[in-house]
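Dear colleague,

I am handing over the structure that you will be working with, and below it I have written out what was found. Please keep the structure open beside the text while you read.

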Amino acid sequence: MSPLVAILIVGIGTYASRAVFIVALADRAIPPRVLQALEYVGPAVLSALVVALMIDGDGQVDIGVPELAAFVVGAFEAWKARNLVYTLLAGMAAFWLLGIWF
């Protein structure tokens with residue numbers, strides 16, 4: 001199988017797997033409990049990505065000053081603003097600024 005055919009098959013499969021939910025649920029109302037649960041998907045995915053990126057080669061979580069500062073600033077911003085975008089921006093700003101010195 002050529003790389004072009006593999007890319008096309010994966011692309012069509014990805015498109016179909018996403019489109020089937022849109023097409024199947026287009027004329028149905030999403031239950032309120034599902035909408036409430038979906039509010040936590042963004043923060044959960046972001047947390048999983050951050051923790052996965054912080055694990056070193058030995059399987060231990062490697063946290064330094066920039067990471068700790070980003071966590072503290074992000075947690076405070078999340079508590080204060082209750083907005084995922086502001087939390088992400090504040091945490092990343094702290095991480096990048098302190099990453100210059102540490």
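Where along the chain is Asn83 found? In this model, which is a predicted one, Asn83 sits in the loop between H4 and H5. Its relative accessible area is 28%, and since partly exposed covers the range between 20% and 50%, Asn83 is therefore partly exposed. If you look for Arg18, which is 65 residues away from Asn83 along the chain, you will find that the C-alpha atoms of these two residues are separated by 26 Å.

The loop between helix H4 (65–81) and helix H5 (84–101) also holds Arg82. Arg82 is not a glycine, and yet this residue has a positive phi of about 55°. Its relative accessibility is 69%, and because the cut-off for exposed is over 50%, Arg82 counts as exposed.

How do the two helices on either side of this loop lie relative to one another? The axes of H4 and H5 come within 8 Å and cross at roughly 155°. Angles over 145 degrees count as roughly antiparallel, so H4 is roughly antiparallel to H5. The handedness of this crossing of H4 and H5 is right-handed.

Phe71 belongs to helix H4, and with a relative accessibility of 57%, which is over the 50% cut-off, Phe71 counts as exposed. Between the C-alpha atoms of Phe71 and Ala90 there is a separation of 9.6 Å, although 19 residues along the chain lie from one to the other.

Turning to another part of the chain, which residues form a nonpolar patch on the surface? They are Ile30, Val34, Leu35, Leu38, Val41, Val45 and Leu49, and together these residues have about 580 Å² of accessible area. Helix H2 (32–38) and helix H3 (41–54) are the elements that give two or more residues to this nonpolar patch. Val34, one of the patch residues, lies in helix H2. The relative accessible area of Val34 is 38%, which falls between the 20% and 50% limits, so Val34 is partly exposed.

With best wishes for your reading

Terms used: Residues numbered from 1 in each chain as written. Predicted model: local features only at pLDDT ≥ 70, side-chain atom pairs only at ≥ 80, totals over all residues. Heavy atoms only, no water. Patch = residues over 30% accessible without salt bridge, like charges linked within 9 Å, V, L, I, M, F, W, Y side chains within 5 Å. Areas by Shrake-Rupley, 256 points an atom, 1.4 Å probe, with all protein chains shown as cover. Salt bridge = Lys/Arg side-chain N within 4 Å of Asp/Glu carboxyl O. Helix = DSSP H or I, 4+ residues; strand = E, 2+ residues; numbered from the N terminus. Buried < 20%, exposed > 50% of the residue type's maximum accessible area, 1.4 Å probe, protein only. Axes fitted to C-alpha atoms, helices over the stretch in contact; angles between N-to-C directions. Parallel < 35°, antiparallel > 145°, perpendicular 65-115°, else oblique. Left-handed = near helix turned anticlockwise from the far one by under 90°.
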